[in-house]
Protein chains: 4
Amino acid sequence: MREMPPSNPFDDDKLKEECGVFGVIGVTDAANFVALGLHALQHRGQEAGGIVSYSPDIGFNSARRFGYVRDNFTKASLMETLPGSLSIGHVRYSTAGSKGQTQIRDVQPFFGEFSMGGAAIAHNGNITNADSLRKELIERGSIFQSSSDSECIIHLMARSLQQNIPERMKDALRRVEGAFSVVAMTRTKLIGVRDPLGVRPLVLGRIGDGWVLSSETCALDIIGAEFVREVEPGEMLVITEKGGIESFHPFERTRPRFCIFEHVYFSRPDSILGGRSVYETRRQIGVELAKENPVDADLVCPVPDSGTPAAIGFSQESGIPYAMGIIRNQYMGRTFIEPTEQIRNMGVRLKLNVNRALIKGKRVILVDDSVVRGTTSMKIKQMILDAGAAEVHFRIASPPTAWPCFYGVDTPEREKLLASHMSEDEMCAHLGVDSLKFISLDGLYRAAGEAEGRNPDAPQYCDACFSGEYPVAPSDMIAKGFEVKAAE
Amino acid sequence: MREMPPSNPFDDDKLKEECGVFGVIGVTDAANFVALGLHALQHRGQEAGGIVSYSPDIGFNSARRFGYVRDNFTKASLMETLPGSLSIGHVRYSTAGSKGQTQIRDVQPFFGEFSMGGAAIAHNGNITNADSLRKELIERGSIFQSSSDSECIIHLMARSLQQNIPERMKDALRRVEGAFSVVAMTRTKLIGVRDPLGVRPLVLGRIGDGWVLSSETCALDIIGAEFVREVEPGEMLVITEKGGIESFHPFERTRPRFCIFEHVYFSRPDSILGGRSVYETRRQIGVELAKENPVDADLVCPVPDSGTPAAIGFSQESGIPYAMGIIRNQYMGRTFIEPTEQIRNMGVRLKLNVNRALIKGKRVILVDDSVVRGTTSMKIKQMILDAGAAEVHFRIASPPTAWPCFYGVDTPEREKLLASHMSEDEMCAHLGVDSLKFISLDGLYRAAGEAEGRNPDAPQYCDACFSGEYPVAPSDMIAKGFEVKAAE
Amino acid sequence: MREMPPSNPFDDDKLKEECGVFGVIGVTDAANFVALGLHALQHRGQEAGGIVSYSPDIGFNSARRFGYVRDNFTKASLMETLPGSLSIGHVRYSTAGSKGQTQIRDVQPFFGEFSMGGAAIAHNGNITNADSLRKELIERGSIFQSSSDSECIIHLMARSLQQNIPERMKDALRRVEGAFSVVAMTRTKLIGVRDPLGVRPLVLGRIGDGWVLSSETCALDIIGAEFVREVEPGEMLVITEKGGIESFHPFERTRPRFCIFEHVYFSRPDSILGGRSVYETRRQIGVELAKENPVDADLVCPVPDSGTPAAIGFSQESGIPYAMGIIRNQYMGRTFIEPTEQIRNMGVRLKLNVNRALIKGKRVILVDDSVVRGTTSMKIKQMILDAGAAEVHFRIASPPTAWPCFYGVDTPEREKLLASHMSEDEMCAHLGVDSLKFISLDGLYRAAGEAEGRNPDAPQYCDACFSGEYPVAPSDMIAKGFEVKAAE
Amino acid sequence: MREMPPSNPFDDDKLKEECGVFGVIGVTDAANFVALGLHALQHRGQEAGGIVSYSPDIGFNSARRFGYVRDNFTKASLMETLPGSLSIGHVRYSTAGSKGQTQIRDVQPFFGEFSMGGAAIAHNGNITNADSLRKELIERGSIFQSSSDSECIIHLMARSLQQNIPERMKDALRRVEGAFSVVAMTRTKLIGVRDPLGVRPLVLGRIGDGWVLSSETCALDIIGAEFVREVEPGEMLVITEKGGIESFHPFERTRPRFCIFEHVYFSRPDSILGGRSVYETRRQIGVELAKENPVDADLVCPVPDSGTPAAIGFSQESGIPYAMGIIRNQYMGRTFIEPTEQIRNMGVRLKLNVNRALIKGKRVILVDDSVVRGTTSMKIKQMILDAGAAEVHFRIASPPTAWPCFYGVDTPEREKLLASHMSEDEMCAHLGVDSLKFISLDGLYRAAGEAEGRNPDAPQYCDACFSGEYPVAPSDMIAKGFEVKAAE
């Protein structure tokens with residue numbers, strides 16, 4: 001059932017992380033910390049956010065809002081409605097199944113009242129068998145309130161015969177396929193779980209006597225929490241305010257497959273993934289890219305802001321000067337409510353402008369993080385040429401994105417991915433640039449710390465968007481006719 | 001789980017009807033008709049309203065809003081999101097269990113997606129075994145989204161083994177105790193049901209080739225629909241767009257007990273209940289009141305606006321001139337957001353003012369519909385005396401309200417009802433007026449058309465708020481320790 | 001210059017008072033009292049309101065808002081910005097010259113900073129030579145911020161050579177023609193002035209040690225102030241916090257001509273005008289009307305709410321029972337933002353409904369306060385006939401409205417007034433009713449306390465809207481070609 | 001007179017440009033172009049914006065709003081109220097005299113209706129004799145509506161005896177001292193004027209058959225307009241839709257003194273000033289800074305985003321690698337409405353985070369554009385040290401800011417400027433860093449294209465904020481006791 005349509009997002013031709021999660025226990029006014037943590041995770045989901053807290057006096061409380069964290073969860077009048085020392089939160093872009101029509105009831109955390117008390121959950125990732133689970137649950141009398149795949153988890157918990165909530169959560173998550181980093185809470189416990197492959201990140205932090213769970217370390221920094229360790233793939237942590245942490249491994253062990261695109265684009269450059277600075281990995285991608293695909297030119301310019309670290313690395317490796325050839329308007333927001341025709345047609349010019357006096361007559365290398373549909377690359381190329389550049393060379397900090405992600409990233413349908421039906425040369429001709437080169441999959445793995453590159457027999461990362469090799473069969477999609485690449 | 005608290009209602013010491021329901025099938029842009037119908041039923045619930053519609057193209061749609069119908073459901077931009085020829089709606093005051101903390105998700109209609117399709121329901125009344133039903137459903141894995149008793153119906157439907165929605169609704173409503181007039185819809189059907197006692201009203205209307213269900217006939221008038229008949233107590237109507245109406249009687253038959261307070265106060269004076277003009281019944285109450293409790297005075301003044309018809313009748317019977325001694329500010333709204341201290345303390349003076357030049361030196365009969373806590377009566381008496389009245393006589397158009405209602409009316413706890421612990425004489429002394437008289441229960445029945453008065457062995461109406469005789473045992477309340485008056 | 005268009009008013013075919021004014025000095029948080037006073041005067045202007053206050057600490061403060069007083073000036077967060085013991089306020093409908101396009105800067109009080117300090121003024125009435133004054137002021141370099149005629153006063157004050165503000169105000173008002181009741185303030189003084197004819201009302205009240213100026217006495221009641229006396233026509237009161245009241249008569253004396261339509265419709269029935277209860281005058285109009293134009297019928301029904309007092313009088317005089325044949329929806333607001341087509345077409349049915357069961361087969365006398373364009377009368381007649389009335393007789397509590405008002409009342413252009421081009425019989429035929437009768441001008445004067453009726457040589461009231469005899473020549477209108485009726 | 005207080009800005013210790021202006025003539029829906037231009041000029045004023053347009057059908061129209069251009073002037077429903085082929089606009093930070101209390105009526109463009117028609121003006125700069133002009137105008141009867149210095153211009157125009165608006169504007173501006181780049185419009189003309197010193201920028205562009213005036217060239221780029229030339233210091237351009245451009249020089253000629261801080265910080269890096277790329281000038285500042293103040297270190301990190309170009313230049317000159325040591329949260333807005341205590345205390349951590357894994361153990365050079373109060377520098381230093389940096393060296397891309405600006409830039413009072421009472425060494429000790437060096441005034445002039453550096457006898461720029469040499473005596477401030485540095 002649809003409620004009012006939300007404001008139309010301004011499309012900018014990037015893959016979108018769908019969620020960030022954050023939770024804290026054992027601090028006064030925990031929800032304030034959650035708000036700050038979500039602000040630091042805003043890049044993982046800009047459409048909406050929600051916070052749940054619990055206080056013994058007035059029970060569970062929640063607030064869910066469309067828009068940025070800073071515009072909603074900074075207000076004293078709202079935050080006062082979220083008292084207590086235990087709180088979790090969620091930011092989201094959009095969930096599978098309801099793109100462009102998100103309703104406030106799709107905004108997590110989700111809440112369920114069970115006979116032994118309530119629980120709230122926040123989920124980053126995507127459940128690949130959600131359709132069949134949902135069908136089964138509806139047949140048995142569950143009523144879904146949202147179009148979100150994540151709601152299956154709370155219904156599975158409601159029907160579990162286990163007598164406490166952590167055990168019910170284990171029951172539920174064992175039925176679930178796909179990628180999930182979950183932060184949950186009961187009246188007394190903060191819970192964190194990562195799927196066996198560990199596709200999405202989840203880290204543990206310490207703040208005073210309290211504990212923190214977060215998608216990324218950058219959100220620990222903002223509240224002054226200390227980074228303790230990553231939650232392990234397949235691990236469940238159950239944290240109580242006084243009694244500390246219990247660790248469980250409720251799933252069958254398997255070889256982890258962390259999402260390599262978190263290194264390329266999703267995570268913030270000031271986060272630490274797998275013990276490495278994300279910024280440093282991206283700079284190293286630029287170094288590898290310059291080694292693999294050198295070109296003679298006058299300037300190396302990033303496509304702001306995501307291409308910046310790789311452009312710095314490319315400049316350092318190649319010796320070609322780094323320059324800000326494209327300037328980003330910092331007052332550019334993401335959404336427009338009932339925009340004028342002219343605004344609708346402006347596209348990238350609202351956000352980016354070419355530094356004309358700098359670019360004129362120059363041979364320019366543009367470094368971008370990825371090419372998705374190619375629409376933005378086309379416009380940027382045109383802007384650069386209009387400014388009088390002599391040559392335009394694209395260098396892309398990831399391999400060609402040829403396959404959709406089913407593990408919590410918003411990707412266009414396969415046929416809309418430029419690389420799904422064009423070779424590198426065809427893309428170069430399509431974009432009309434002097435050269436276009438992508439980093440190799442091995443080069444990317446090297447930059448991410450795998451000195452030997454990708455192990456084709458047992459890939460160290462999930463790279464399905466580049467390779468088409470899906471570590472978990474996307475069963476709902478297969479049921480709809482999606483053809484997974486045969487293992488070679 | 002609580003969301004943000006709503007704005008604080010401005011208490012005015014009246015019993016409040018908790019809901020109005022309306023539905024229409026077979027007209028273009030049905031939701032527009034529902035909006036008009038709800039506007040005409042606004043007196044039955046001013047806190048919030050909701051509308052659901054169905055169109056084959058885009059499925060079920062809904063909008064739920066706090067505030068008046070006229071402020072929300074008159075906007076083209078909102079109504080365009082509710083297309084289709086089948087629609088139902090609901091206005092509400094507040095539901096049992098969550099007074100003063102209504103959340104948007106408590107606002108009906110409620111919706112459930114079943115394996116055979118979706119259904120939406122709007123409920124006027126109150127389910128007296130909701131607590132035990134809710135407990136049982138949660139133990140079996142249902143997740144409640146609201147604090148509303150009405151949500152039980154949709155969960156019971158979800159768990160029914162019947163293969164179509166009307167049958168599931170019969171299943172569900174057979175488990176439910178209390179008072180209910182329900183308007184529901186599927187993708188193709190408009191459904192109306194009334195509980196076996198027929199406590200709350202529900203009428204059927206005709207508009208062109210379409211059909212209408214409404215709490216009251218005044219809402220038929222606003223859309224130009226013809227009043228066909230009342231839905232019978234215990235009857236279920238299932239209406240399809242083309243195929244007409246089917247009537248079922250799914251419950252055991254019992255003697256009807258329509259709420260007599262609908263005649264006294266809840267229903268609009270321009271509605272027709274049981275074949276009688278509500279206005280005319282109220283005027284007749286004034287006539288009976290004047291016969292039972294005459295007094296020598298200069299003026300008969302209504303307490304606006306609910307005392308007006310009875311005051312007219314009192315004047316006509318007594319021959320004492322009718323006069324507008326108290327003037328109502330027509331710009332008075334119901335809610336104030338973060339009011340100043342002064343506004344908070346103004347109380348009734350914001351709404352009513354005495355016609356000083358008229359009242360001065362006069363012996364005044366004030367006719368009001370009821371006395372609940374007596375707080376407003378006290379203030380009005382003081383205003384009249386301050387204006388220099390020589391004598392103040394209260395005449396009340398209903399018997400003493402001594403018992404709470406559990407069938408869909410918001411009443412204070414028993415001990416807060418003035419008549420629960422004071423006799424008529426004690427109330428007169430408490431209010432400090434020259435006389436205070438209530439109509440007798442028999443007088444009220446006579447005014448409502450029962451020439452012989454109340455049949456004590458088989459009362460023709462539900463009059464529990466006056467008599468303490470509850471036609472359906474309020475089992476949740478009894479479980480909490482409420483003592484029902486023993487049958488004599 | 002236009003700002004954003006305001007919301008479209010819902011036309012209901014009544015003359016509209018254009019303003020109410022209120023001021024208070026010598027009480028703590030004076031602006032709160034002004035807010036309450038304006039709430040009680042809301043019937044004099046529903047489009048917008050403004051309040052100015054002065055506190056020695058932070059100087060003059062103001063807030064101006066579209067919408068009802070109760071929706072804006074009840075909020076603590078707003079009222080806290082208006083501290084001090086001296087405050088004035090204004091409610092408005094719309095000013096000459098900018099109908100339907102009011103901007104926030106048209107909302108009074110107006111403020112001017114002079115070399116000897118600031119002053120704020122609130123004006124009820126209309127300046128009939130505003131166009132020529134404005135032209136002259138612009139030519140000399142004044143910059144107007146609003147389209148309001150009232151702004152001339154503050155510019156005239158700015159250019160006065162007098163050295164204190166009360167003297168500058170005298171200077172300014174001596175240049176002004178037309179009708180004005182002005183409440184003004186400086187840093188230390190509350191000022192009230194009435195034009196020499198005293199067309200618009202203005203009264204003086206006392207609250208504790210403080211003083212109050214108000215358009216009507218009903219606004220004294222709401223704050224618990226005592227009614228002292230009317231400000232005299234042509235009088236200026238200058239009130240200081242400590243030093244009491246000074247009275248001036250800066251204009252040439254003339255015979256007063258108070259607006260008789262204040263008695264008929266504008267003022268609230270609980271106000272006192274010229275020592276008489278407005279309600280009582282209106283009831284007496286009904287008595288006169290019944291004497292002048294009796295008719296055999298079953299019921300006397302008011303057109304709510306303005307016809308009510310006259311209907312009561314008509315019933316009492318004629319002996320025909322009074323009844324509520326038409327019910328008003330009390331949740332009807334005045335404005336709709338981007339309404340649906342259906343709402344736009346509903347007209348009077350959104351607001352009024354016929355009590356069908358009562359009316360059917362009856363001969364009905366409908367008592368209304370006036371007929372302006374006749375559009376509403378036509379719809380009401382139709383509703384009554386649709387409900388099955390046997391006969392419909394209109395009795396109107398004022399003479400035919402045949403001339404526009406130029407003294408602060410919003411009237412349609414002359415040709416749109418039904419009575420400007422139709423006789424009583426023609427109007428009866430046009431409306432299609434069984435009879436239509438207006439009270440005579442003499443009858444109206446008698447009801448208003450002039451036992452001998454109207455003195456044609458020296459009319460006691462301004463009755464230009466009925467008689468076409470304008471006590472002040474409307475010079476701007478005459479310049480535009482309006483033909484004033486020649487004196488006979 | 002104060003209206004409601006605006007939301008509190010989040011202070012970030014930068015000098016703030018106070019305004020940007022934009023105008024266009026000869027294009028359909030000119031206001032849409034103005035909105036885009038203002039969006040590109042948003043960095044010059046983030047508090048509020050306004051647009052005026054003129055269409056022959058409905059005259060002058062305006063809209064003024066607090067907040068970003070993109071949140072207000074992108075909506076079709078608003079822009080439809082601004083039709084016509086001639087339009088001007090303004091963005092503002094705040095004006096002299098009313099800091100932190102801006103009211104909507106302080107938002108430009110200002111409008112005046114004169115006897116020969118209306119005119120609107122938008123002003124970038126500051127009038128240094130506004131206080132005395134205002135006093136004089138009030139004494140003669142002008143009524144000011146805002147607290148803005150710019151309003152003097154329109155009142156001077158209103159009182160001019162000239163018979164057309166351009167001549168009245170010349171009259172007015174000859175009375176005005178200080179800095180002004182003005183864009184104005186009449187019903188048929190677009191007008192641009194720059195003060196004789198040309199302190200603030202103003203450029204002319206061409207779009208199709210239309211003409212554009214803008215503070216900076218970056219705003220020509222966004223609408224696809226061609227950059228024609230700068231408006232000359234002391235020049236007035238009068239542009240008609242059909243007849244082209246007239247150029248006047250109404251002021252006595254003097255040597256220009258363009259604001260050098262526009263090169264350092266205010267203007268956007270993709271704008272062209274004086275024929276040079278602003279980005280390139282800033283990069284060159286980094287080069288000069290590295291030459292003047294070399295230091296051995298591991299990384300050169302910009303303080304984002306304003307230090308970036310100079311950091312790039314510093315890295316290139318010094319050979320020390322450029323790195324993103326501090327990451328900016330791109331979802332950080334400028335204002336918080338009623339923020340929680342925690343948000344209030346977060347300061348720079350909401351906006352910036354250190355790239356801990358990169359910084360740890362490193363000797364870091366931080367390049368920032370300026371030091372104002374030093375509060376942000378202190379916090380950044382602490383963040384870097386907390387992250388484990390071995391050494392911290394500040395390099396500042398401007399000389400010490402020791403004097404307030406009176407020409408349209410918001411600077412703290414002199415005593416709050418760190419450099420007003422500390423030497424470079426004292427500031428270094430105060431901030432607790434390993435070294436702190438500013439570029440020399442000569443170095444800055446060289447980077448700005450003056451190969452010989454600053455000419456002390458006839459400085460090529462206005463550099464009063466560094467040198468204390470004010471090219472126009474700030475007479476209002478001197479009257480208040482401000483001591484201007486004696487010419488040496």
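Start with chains A and B of this predicted model: the count of salt bridges between chain A and chain B is 0. Polar contacts give a similar entry, with 0 residue pairs between chain A and chain B where both residues are at pLDDT 80 or more.

Next, select the elements on the side of chain A that touches chain B. Those giving two or more residues are strand 4 (59–66), strand 6 (110–114), helix 4 (130–139) and helix 5 (151–159) of chain A. Colour strand 4 of chain A by itself, since the eye should go there: with 6 residues, strand 4 supplies the largest share of this side. Then colour the side of chain A that touches chain B by residue class. The result is 14 nonpolar, 9 polar and 9 charged residues.

Now show both sides of the contact together. Chain A puts in 32 residues, and chain B puts in 32 residues. The size of an interface is often stated as the accessible area that is lost when the parts come together. For chain A and chain B, about 2800 Å² is buried between them, and 56% of that lies on carbon and sulfur atoms.

Leave the interface and look for enclosed space. Rolling a probe the size of a water molecule over the atoms shows where empty space is left. How many cavities of 30 Å³ or more does a search of the whole structure find? The search finds 17. The largest cavity has a volume of about 110 Å³.

To find the largest cavity, select A:R200, A:C259, A:C405, A:C462 and A:C465, which lie nearest its centre among the 16 residues of its lining. Add helix 8 (261–266) and helix 17 (464–467) of chain A; each supplies at least two residues of the lining. By class, the lining of the largest cavity has 14 nonpolar residues, 2 charged residues and no polar ones.

The last stops are on the backbone. Select A:P304 and A:D305: the peptide bond from A:P304 to A:D305 is cis, with omega near -15 degrees. A:D305 sits in the loop between strand 18 (299–302) and helix 10 (308–318) of chain A.

Move to chain D and select D:P304 and D:D305. A cis peptide bond joins these two residues, with omega about -15 degrees. The loop that holds D:D305 runs between strand 18 (299–302) and helix 10 (308–318) of chain D.

Finish in chain B with B:D29. Is phi of B:D29 positive or negative? Phi is near 50 degrees, a positive value in a residue other than glycine. B:D29 belongs to the loop between strand 2 (19–25) and helix 1 (30–40) of chain B.

Note on methods: Residues are numbered from 1 along each chain as its sequence is written. Chains are lettered from A and ligands numbered from 1 in the order in which they are written. This is a predicted model: local features need pLDDT of at least 70, side-chain atom pairs count only at pLDDT 80 or more; totals for chains, interfaces and linings use all residues. Side-chain values use heavy atoms; hydrogens and water are left out. Contact means heavy atoms within 4.5 Å. Buried area is the accessible area (1.4 Å probe) that two parts lose on being put together, summed over both. A salt bridge is a side-chain nitrogen of Lys or Arg within 4 Å of a carboxyl oxygen of Asp or Glu. A polar contact is a pair of N or O atoms within 3.5 Å; within protein, one must be able to donate a hydrogen and the other to accept it, and residues adjacent in sequence count only if both atoms are side-chain atoms. Helices (H or I, at least four residues) and strands (E, at least two) are DSSP runs, numbered from the N terminus. Ala, Val, Leu, Ile, Met, Phe, Trp, Tyr, Cys and Pro count as nonpolar, Asp, Glu, Lys and Arg as charged, and the others, Gly among them, as polar. On a 1 Å grid over the protein atoms alone, a cavity is a set of points where a 1.4 Å probe fits but cannot get out, and a pocket is an open set with protein on both sides within 12 Å along at least five of seven lines; lining residues have an atom within 4 Å of a point. Grid points are joined across faces, edges and corners, and a volume is the space filled by probe spheres set on the points.
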